[in-house]
Structure formats: C-alpha cells, structure tokens
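Please find below a colleague's note, written for a reader who is new to protein structures. It is best read with the structure open alongside.

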Amino acid sequence: GRKGLEYYREAHLSRWNCLMHTIGMPFVYYGISIWFPMLFQYSTEDGWKLQTFFYLVYMTHYICVDRQVGVLTSLVYFIPYYYSVSHYELSLYMFGYGFMFSFVFLVFQEILGHWLGGDIWSRLEAVPNAILYAVMFSVDHLI
C-alpha cells in the first residue's frame, strides 16, 4: 500500500523527474499492455481479457490504497488501456511495436527524468515494486 508507494518515491525526488514520469508512464503502460499478452500468443479476445483483468486488478488495488488517487489513476489510465485493447492483435509486428513503445518511454524516463532531474538511477532490486506502483505514482505525486 502506502509503504510500497513511498519506497518507489525514494528514487523520484525532483519535480522534473516526477513530471517526466507522469508523461512517460501512460506510454509504458500502453506498450506493455500490447506486448505482454503476445508472450502467451493470446488471441485478440483473450488478449483483451488479460488487458482488462490487469487494468481492473491494478486500479482496484490503487483505490484500496488511496480512494482519491486510485479513482484519478483509473481515469487517466483508461486512455492507454482503451487504446491497447483497440490496437491489440496477435502478430510479431505488434509484439515489437508494443515492446519498443514501452522500452523507448522507460529510457525516456530514465534519461530525461532521473539523469536530468538529478535523482538516483532506478534500482534493480526495486523492479517488483515499480511493476506495482509506477502507474499509481505517476498520478499520486500530482495531488
């Protein structure tokens, strides 16, 4: 809950880094929502089900952690969720497209956010925490 979000915040101290995170994370979410179902070669329908499952689980968790931030995060991330569902199709091209999309925006956040913002680089041991709280943090720091 809140402790996980605060742990994530430790590497995002400058306002600049936080804003780069707010800009980049919806694109990362969109890309991952496309390439992740492709790992299992899910059909369009099954890919949509997986995307919807993760959207609902994550947003429900965020609402349980903080109602106001969770609802706002759900509204903001409905847009990349919607586009990932409408663009998903089982093809190698879409896997590469989604992977590159998420990779480019993760690098964008690391270089433009962490490096230019003067914060520490993202921590390897914090990856599981980032998988759970990066999306929520991208909205939480604005409130």
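The points below take up the largest pocket, two helices, and two individual residues.

1. The structure under discussion is a predicted model. The values quoted in this note should be read with that in mind.

2. How much space lies in the largest pocket? The volume is about 820 Å³. The pocket is lined by 30 residues, and those closest to its centre are Met25, Val28, Ile32, Ala130 and Ile131. Four elements each give two or more residues to this lining: α2 (15-39), α3 (44-65), α5 (92-117) and α6 (127-140). Rolling a probe the size of a water molecule over the atoms is a way to show where empty space is left.

3. Which helix gives the most to the lining of the largest pocket? It is α2, with nine residues. By character, the lining residues of this pocket comprise 21 nonpolar, seven polar and two charged.

4. Helix α3 contains 22 residues, and the distance from its first C-alpha to its last is 32 Å, close to the 32 Å expected at 1.5 Å a residue. Its buried residues are Gly47, Leu50, Gln51, Thr52, Tyr55, Tyr58, Met59 and Tyr62. These buried residues pack against α2, α4 and α6.

5. Helix α4 covers residues 67-87, which is 21 residues. At 1.5 Å a residue it should therefore span 30 Å, and its end C-alpha atoms are indeed 30 Å apart. The helix nevertheless has a kink of about 35 degrees at Tyr77, shortly before the proline Pro80. Both Tyr77 and Pro80 are among the buried residues of α4, together with Val69, Gly70, Thr73, Ser74, Tyr81, Ser84 and Val85. The elements that cover these buried residues include α2, α3 and α6.

6. Is Thr73 buried or exposed? Thr73, which belongs to helix α4, has a relative accessible area of 0%, so it counts as buried, the cut-off being under 20%. Apart from its neighbours within four places in sequence, Thr73 is in contact with Met59, Tyr62, Val135, Met136 and Val139.

7. Gln41 lies in the loop between α2 and α3. Its relative accessibility is 60%, and because exposed means over 50%, Gln41 counts as exposed. Most residues other than glycine have a negative phi. Gln41 is not a glycine, yet its phi is positive, at about 50 degrees. The reader may wish to find this residue in the structure and set it beside Thr73, which is buried.

Conventions:
Residues are numbered from 1 along each chain as its sequence is written. This is a predicted model: local features need pLDDT of at least 70, side-chain atom pairs count only at pLDDT 80 or more; totals for chains, interfaces and linings use all residues. Side-chain values use heavy atoms; hydrogens and water are left out. On a 1 Å grid over the protein atoms alone, a cavity is a set of points where a 1.4 Å probe fits but cannot get out, and a pocket is an open set with protein on both sides within 12 Å along at least five of seven lines; lining residues have an atom within 4 Å of a point. Grid points are joined across faces, edges and corners, and a volume is the space filled by probe spheres set on the points. Ala, Val, Leu, Ile, Met, Phe, Trp, Tyr, Cys and Pro count as nonpolar, Asp, Glu, Lys and Arg as charged, and the others, Gly among them, as polar. The expected span of a helix is 1.5 Å times one less than its number of residues. The bend at a residue is the angle between axes fitted to the seven residues ending there and the seven starting there. Buried means under 20% relative accessible area, exposed over 50%, partly exposed in between (1.4 Å probe, protein chains only). Contact means heavy atoms within 4.5 Å.
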